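Trainee: I am new to this model and would like a close look at a single part of it, beginning from one position. Please then connect that position, step by step, to the rest of the fold.

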Amino acid sequence: MFRNKLKLFAISLTAVWIVLFIKNVDIPVYFGGDSQFVGWARLLTYRNLIALFSVVMMAVSIHSIIQLRHRLKGSPSGLTVTLTVVKDKNYDYVNTLATIVTLFSVIFISVDGLRDFMVFLVLMAVVGICFLKTNLYYSNPMFAALGYKLYTVNSNCEKLKDDAIAIYHGNLSTGNKVRFYHISDNVYYLI
């Protein structure tokens, strides 16, 4: 279950990973005939470590989006269930978007020394813990950009918990027949 949360966390901060990479990457490039290697000390800086971490998280984000789309094409948890109650929950996207905008102001901290690097790590750890522990990972603005909507649903199936949070590509209404994939806690993908 934690792996699913981590994937959704990576997707939700895709824009942050891109900005962090652009802001911090510092690799000198010269293609002249007299070019030479600048040395590892010039390449292994705190800023480049953040850029490398950003590249890894962007790769996790892209991989997770591809997995999500593949998962939604098949292998759900069982037969179709009928939804008995459907409530729109798309306003959560706005709340998380505000959090991400606030995070952008934090990532513009200059990272030139060990102290700044440690502050950056602590801030990113706090953001990550907050996203994963408070279930903010499901209210991912990237999902809104990809056409997914959030709902609170009840169904005629005991495996799909009452007042479950549903992520669905398209519009849902009471009476729809869907299949589901459990992410964690009370969060599900609906197919």
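Mentor: Aspartate 163 lies in the loop between β2 (148-155) and β3 (164-169), and since this is a predicted model, everything that follows describes the prediction. With a relative accessibility of 42%, aspartate 163 counts as partly exposed, because it falls between the 20% under which a residue is buried and the 50% over which it is exposed. Its backbone deserves attention as well, for aspartate 163 has a positive phi of about 55 degrees, although it is not a glycine.

The two strands on either side of this loop belong to an open sheet of 6 strands, whose order is β4-β1-β2-β3-β6-β5 and whose pairing is mixed. The edges of the sheet are formed by β4 (177-178) and β5 (180-184), each of which pairs on one side only.

It helps to walk across the sheet from the β4 edge. Strand β1 (residues 81-88) runs antiparallel to β4, and 2 bridges join them; here threonine 82 has lysine 177 of β4 as its bridge partner. On the way to our loop, β1 also pairs with β2 in the antiparallel sense, over 5 bridges, and aspartate 88 finds its bridge partner in tyrosine 151 of β2.

At the other edge, β5 and β6 (residues 187-190) pair in the antiparallel sense over 4 bridges, with tyrosine 188 in β6 as the bridge partner of histidine 182. These two strands form a hairpin with 2 residues between them, and there aspartate 185 takes a positive phi near 50 degrees. Although β5 is an edge strand, 4 of its 5 residues are buried, so β5 is largely enclosed by the rest of the structure.

To place the sheet in the whole chain, note that the protein has 7 helices and 6 strands, which follow one another along the sequence as α-α-α-α-β-α-α-α-β-β-β-β-β. Of the 191 residues, 40% count as buried. Among contacts between residues at least 6 apart in sequence, 69% join residues at least 24 apart.

The helices can be approached through the largest nonpolar core, which has 17 residues and in which Leu13, Trp17 and Leu20 touch the most other members. The elements that contribute two or more residues to this core are α1 (2-12), α2 (14-24), α4 (46-71) and α6 (114-133), and α6 gives the largest share, 6 residues. Looking at tryptophan 17 itself, and leaving aside residues up to four places away in sequence, one finds that it touches Phe9, Ala10, Phe53, Ser54, Met57, Met58, Ser61 and Met124. A second, separate core has 15 residues, and Ile11, Leu68, Ile165 and Tyr181 are among them.

Helix α6 rewards a slower look. At 1.5 Å a residue, its 20 residues should span 28 Å, and its end C-alpha atoms are 28 Å apart, which agrees. The buried residues of α6 are Phe117, Phe120, Met124, Val127, Gly128, Phe131 and Leu132, and they lie on the same side of the helix, because they cover an arc of only 125 degrees around its axis. The background is that an α-helix has 3.6 residues a turn, so residues three or four places apart point the same way. On the face of α6 turned away from the buried side are the exposed residues Arg115, Val122, Ile129 and Lys133.

A second loop position can be read in the manner of the one we began with. Valine 25 sits in the loop between α2 and α3 (40-43), and it is partly exposed, with a relative accessible area of 31%. Valine 25 and threonine 45 are 20 residues apart in sequence, and their C-alpha atoms are 9.5 Å apart in space. Not counting residues up to four places away in sequence, valine 25 touches Asn48 and Ala51.

Returning to the starting point, aspartate 163 is partly exposed and sits in the loop that leads from β2 to β3, two strands placed side by side in the order of the sheet.

Notes:
Residues numbered from 1 in each chain as written. Predicted model: local features only at pLDDT ≥ 70, side-chain atom pairs only at ≥ 80, totals over all residues. Heavy atoms only, no water. Buried < 20%, exposed > 50% of the residue type's maximum accessible area, 1.4 Å probe, protein only. Core = buried A, V, L, I, M, F, W, Y, C linked by side-chain atoms within 4.5 Å. Contact = heavy atoms within 4.5 Å. Pairing = 2+ DSSP bridges. Expected span 1.5 Å × (residues − 1). Arc of directions from axis to C-beta.
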